[in-house]
Amino acid sequence: MGGISICNLLIIAAIVVLLFGTNKLRTLGSDLGASIKGFKKAISDDQPSSADSASANQNEKTQQDADFATKSITEQQADAKSEETKSQHKEQV
């Protein structure tokens, strides 16, 4: 009594086909399938297999996320002080 029967589902499917047409539904289905396939491929690319783990670890060591090298806090403070002295020298000139 409270559920959707097969007869109701068939009527809903017929209305959807009449509204959108079979070509639009076909392209929608193929686009959805392609996006799922691409998603699965991206997930499998992120997880290297055990045979590739040694080369992946070596690549992680050589690859950086940014174009600059990371510095410790003391190096950053020393750079800031040197820039302050440079700016003071420019003001005096």
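## Surface and burial

Start with the outside: the chain exposes about 9000 Å², and carbon and sulfur atoms supply 58% of that area. Keep in mind that this is a predicted model. As for the inside, just 1% of the chain's 93 residues count as buried.

## The overall layout

What is the chain built from? Its secondary structure comes to four helices and zero strands. Reading from the N terminus, you get the order α-α-α-α.

## A look at α1

Helix α1 covers residues 6-20. Let's check its length: at 1.5 Å a residue, its 15 residues should span 21 Å, and the end C-alpha atoms of α1 are indeed 21 Å apart, which agrees.

Right after α1 comes G21, and its phi is positive, near 85°.

## Where α1 meets α2

Helix α2 takes in residues 22-46, and its axis comes within 6 Å of the axis of α1. How do the two helices sit relative to each other? Their axes cross at roughly 100°. An angle of 65 to 115 degrees counts as roughly perpendicular, so α1 and α2 are roughly perpendicular to each other.

Now for the residues that touch. On the α1 side you'll find V16, V17 and F20, which meet T22, K24 and L25 in α2. Sorted by class, this contact has four nonpolar residues, one polar and one charged.

Definitions and conventions:
Residues are numbered from 1 along each chain as its sequence is written. This is a predicted model: local features need pLDDT of at least 70, side-chain atom pairs count only at pLDDT 80 or more; totals for chains, interfaces and linings use all residues. Side-chain values use heavy atoms; hydrogens and water are left out. Buried means under 20% relative accessible area, exposed over 50%, partly exposed in between (1.4 Å probe, protein chains only). Accessible areas come from the Shrake-Rupley method with a 1.4 Å probe; for residues, only the protein chains shown count as cover. Axes are lines fitted to C-alpha atoms, for helices over the stretch in contact, and angles run from 0 to 180 degrees between N-to-C directions. Angles under 35 degrees count as roughly parallel, over 145 as roughly antiparallel, 65 to 115 as roughly perpendicular and the rest as oblique. Contact means heavy atoms within 4.5 Å. Ala, Val, Leu, Ile, Met, Phe, Trp, Tyr, Cys and Pro count as nonpolar, Asp, Glu, Lys and Arg as charged, and the others, Gly among them, as polar. The expected span of a helix is 1.5 Å times one less than its number of residues.
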